[in-house]
Each structure stands twice: as structure tokens, then as C-alpha cells.
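Here are my comments on the structure you sent, arranged as numbered points so that each can be checked against the coordinates.

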Amino acid sequence: MDTSVSFRNINRIAIPAIIAGVAEPLISLTDIAIIGNVEENPIEALAAAGIVGSFLSAIIWIVAQTKTAISAIVSQHLGANRLHAVKTLIPQAIYFNLLFSFVIYAVTAFFTEAIFTAYNAEGLILNYSEDYYRIRALGYPLTLVTFAIFGVFRGLQNTLWAMKCSLTGAIVNVGLDYLLVYGVEGYIPAMHLKGAAYASLAAQAIMLAMALWFFFRKTPFHLKLSLNINPRLRGLLLMAANLFVRTAALNFAIYLANAYATDYGKTYIAAQSILMNIWLFFSFFIDGYANAGNAIGGRLLGARDYKNLWELSKKISKYAVLIALMLMGICVVFYDEIGLIFNKEESVLLMFSSVFWIVLLMQPVNAIAFMFDGIFKGLGEAKYLRNLLLGATFLGFVQALLISDYFGLKLHAIWIAFFVWMIIRSSALVIQFRRKYLKKEV
């Protein structure tokens, strides 16, 4: 195996990971773009889609951390030439995800009204949110099993299979969105927001079917469940648990942002829905290099190749910042046109345009944070990532939001708080990596 961290080797993992990563937010962006242009209550429908999308992302990110844990363990064992030691671990981890997804669906579906009332949704927005979520939530088992399998692929240093699955799912979702939301006169009734939910569900099913095909045909693993618990399962679940807490803190920040925006009024939450989904799209786009850092970093740690680990951190950070600057440049050129893709209401567009520049300005900082976040996951540093997110959220984001909101900055307050949050995350990760791994490089 080529152990170098050349441009070619990094991008062999990063580029397919970028395409795979943006598929999920692309599904949400497609939903929002189509829903925001329906003739019936577009602002309320857009607000509901944004709130539900935020909650779905929160849940999926939290419980899908087993994907990252699986990737880290598989890549470390690959580097140490010991894949045989985790062959019974993989099916146990995948079935754990499946059972966990059923529990999450049962609990959240029962408390749907309470959940979205906590987001300050009421009236028509609350009704839309409940209907949309109950359909989208059926996809939890599909998504969480798919993500676990994607973790296996990434651990094997292959993100191409996940890319093919995700890209197909995104294409299916876009096509079905148009058919089910708007309908086809005389053939398919217009289902509006519910149509977007069914389109997403179909896309997730397609992605899982393809992921299983690659899993059985291309990997050395199987789904035969052994009654003997693999000794590494405890470590995997402990790593995942730390990442659960970390991601819960991350999503608390997103929840708080959406709750405040909803409380400001329907125009604010509609604009916030667009801003948040664009931010997530950028994050997943840049995160392709973080996935490369995760996969390659774990393999290099398994091989105890600290010199190349240090080189990896420098190179992927440079590539990610360049990507962030390119995205910023494109959005600056089309600054006024971007909002029109998602909504035509002048009040929403004015609100969006007044804040979008903050989202763009923070992208290079995001890039650094995401890169080292990915590397630390590959190294199994879940405890440090947990503590960092807790500190950045409750000592950085929350404080910045409360202070900015006190001065009446409203939607600007939310994104100033996110900027502070990302500065804390990026700087702490860089300092910790230099402190712990730079001395091992020599």
C-alpha cells in the first residue's frame, strides 16, 4: 500500500467524499428550493422544512457517530495489517445502528408536537413540521445503516462507493421532488411538503440498497452476526458515545439558533433556514478533506508513521482553505441571485442578504476546524473532541448569542455566535495537534 500523503492520494479519498458529503445537504437544499416556491403558504412551508431539516440533521449527526468510530477502527487496523481482528465487529456495529434507529423513531414520533413546539413553532408552521417530520423520520433506519456501511468504506480508504450511492440518491430525490411536490396534472396529485418528504425517503432507500451491494461485493466483511461480542466493540461504543455527546453539543447550538430565529418571526426563520442549509452545504463540501484526514490519519497512526501524519495535517488544511476561498468567491459574484433560488418573498430575501456575508466570511476558519476535527476522529481522540465542543458551545456560542441578542442584533446575533464558535474550535484543535503530534514527527 502507498503510504505517502501526496496530492493524488489525498484527493483520491477527498474528492469522492466531497461529492458523497454534499449529497445529503443537497437533498435538503432541493427540498427548500422547491418548497420555498410553492404557491400555497410558501413562507410557512419553508420555515417548517428548515426546522425539521435542522432537527433531523441533529439526530442523524448524533447517532451516526458510529460511522466515524467504525472508520477510525477499520483504518487503524488496515494500517496495522490486522483487518481480520474486526470482521465480527462490523456486523455488530451495523445491527446496533439499526436497533438504535428504531428506538429513536419510536420516541421522537410520539413527541413530535412537543419537539417542534420547543423550536417555537406554532400554528400552520407547527402543523407542517409535524406532517413533514413523521414521514422523513421513517428514513432513520435506512440512513443510519447506510452511514455505518459508509464508515466501513472510508476505513478501507475508499470513498468512491459512498459517492456513487449518495449521488444516485440525490438525483432520485431531485426528480421525485418535482413530481411529488408539484404533481403531474391528471396523473400525480400535488403533495406539496409531504411530497418532498416522500422523495427524500425514496432516495434514502436507493442509497441503502446500493451501499449493501458494494458492501457484499467489494469488502472483506459480512453481516453474519456472531454471538461472541468482539472485544473491540466496547472501545467503538465508548468512542461513539464521546462523539454522541460532542455532536449533541454541536446540535444544541443549531437548535438554539433556530429557536431564536423562530421567536423573532416567520421572516427570520425562513431566512435562517436558507442560511443554515447553505452553511451546512459548504460544511459538507469542505468536509470531504476532513474525511480524507480521518481515513488516512487513522491508517498512519496504525502504522506509527508520525512524519506523514504531520505532512497530512498541513496539506489537507491548505487544500480545504483553497476550496473555502473558491466557494466564497463564487458566492460573492452571485450574492444577490443565490437567495432567489430558494424564495421570492422580498422580506425574506432582504433578511438573507443582510446576513449572508457573515456565513461567507467564516468559511476559511470553518475549513481549518473541519480538517483537524476529521484527523482527530481518525486518531480516536473522541474525548478531546467532546470536551472541546462542550466548551466552545456553552462558553463561546451561547455567551456570544446572549450578548449579541441583548443588543438587538437578531439574525446577525446568531451568525456572530457561530463565528465565535468556529474560531474557538479551529484554534484549539491546531494548538492541541501541534502540542501532541509535532514532537513525534521528528
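The points below take up the nonpolar core, a surface patch, the cysteines, the salt bridges and a few individual residues.

1. A caution comes before the rest: this is a predicted model, and each remark below should be read with that in mind.

2. The largest nonpolar core holds 158 residues, and the members that touch the most other members are Phe356, Phe397, Trp415, Phe418 and Trp421. Helix α11, which spans residues 266-302, supplies the largest share of this core, with 20 residues.

3. Trp415 deserves a separate look, since it is one of the core members with the most contacts to other members. Leaving aside residues up to four places away in sequence, Trp415 touches Gln272, Leu275, Met276 and Trp279, and also Val355, Ile358, Val359 and Met362.

4. Not every nonpolar side chain is hidden, and one group on the outside should be described alongside the core: Ile403, Tyr406, Phe407, Leu409 and Ile416 form a nonpolar patch on the surface. Together these five residues have about 560 Å² of accessible area. Of the patch members, Ile403 can be placed in helix α16, which covers residues 382-406.

5. How many disulfides does the count come to? The count comes to zero. As for individual cysteines, Cys165 counts as buried because its relative accessibility is 0%, under the 20% limit. Cys331 also counts as buried, because its relative accessible area is 7%.

6. The count of salt bridges comes to five, and three of the pairs are described here and in the next two points. The side chains of Glu130 and Arg134 meet in a salt bridge with an N to O distance of 3.5 Å. Both residues lie in helix α6 (residues 123-136), where they are four residues apart, or about one turn of the helix. The two partners fall into separate exposure classes: Glu130 counts as buried, at 10% relative accessibility, whereas Arg134 is partly exposed, with a relative accessible area of 36%.

7. A second pair is made by Lys314 and Glu311, whose side chains meet in a salt bridge at 3.2 Å, N to O. Because Lys314 and Glu311 are three residues apart in helix α12 (residues 306-333), about one helical turn separates them. Lys314 counts as partly exposed at 42% relative accessibility, and Glu311 is likewise partly exposed, at 26%.

8. Are the partners of the salt bridge between Asp373 and Lys377 buried or exposed? Both Asp373 and Lys377 are buried. Their side chains meet at 3.3 Å, N to O, and the two residues lie in helix α15 (residues 363-378), four residues apart, which is about one turn of the helix. Salt bridges with shared partners join Asp373 and Lys377 with Arg246 into one network.

9. Gln432 is a polar residue that I would list separately, and it lies in helix α17 (residues 411-441). Gln432 counts as buried because its relative accessible area, 12%, is under 20%. With residues up to four places away in sequence left out, Gln432 touches Phe376 and Tyr384.

10. Lys344 sits in the loop between α13 (335-342) and α14 (346-361). Because its relative accessibility is 54%, over the 50% limit, Lys344 counts as exposed. The C-alpha atom of Lys344 is 9.3 Å from that of Pro42, although the two residues are 302 residues apart along the chain.

11. Two residues should be checked for their backbone angles. Asn81 has phi near 55°, a positive value in a residue other than glycine; Asn81 belongs to the loop between α3 (65-79) and α4 (89-110), and with a relative accessible area of 68% it is exposed. His192 also has a positive phi, near 55°, and again is a residue other than glycine. His192 is found in helix α9, which runs over residues 192-218, and it is partly exposed, with a relative accessible area of 29%.

Note on methods: Residues numbered from 1 in each chain as written. Predicted model: local features only at pLDDT ≥ 70, side-chain atom pairs only at ≥ 80, totals over all residues. Heavy atoms only, no water. Core = buried A, V, L, I, M, F, W, Y, C linked by side-chain atoms within 4.5 Å. Buried < 20%, exposed > 50% of the residue type's maximum accessible area, 1.4 Å probe, protein only. Contact = heavy atoms within 4.5 Å. Patch = residues over 30% accessible without salt bridge, like charges linked within 9 Å, V, L, I, M, F, W, Y side chains within 5 Å. Areas by Shrake-Rupley, 256 points an atom, 1.4 Å probe, with all protein chains shown as cover. Salt bridge = Lys/Arg side-chain N within 4 Å of Asp/Glu carboxyl O. Disulfide = S-S within 2.5 Å.
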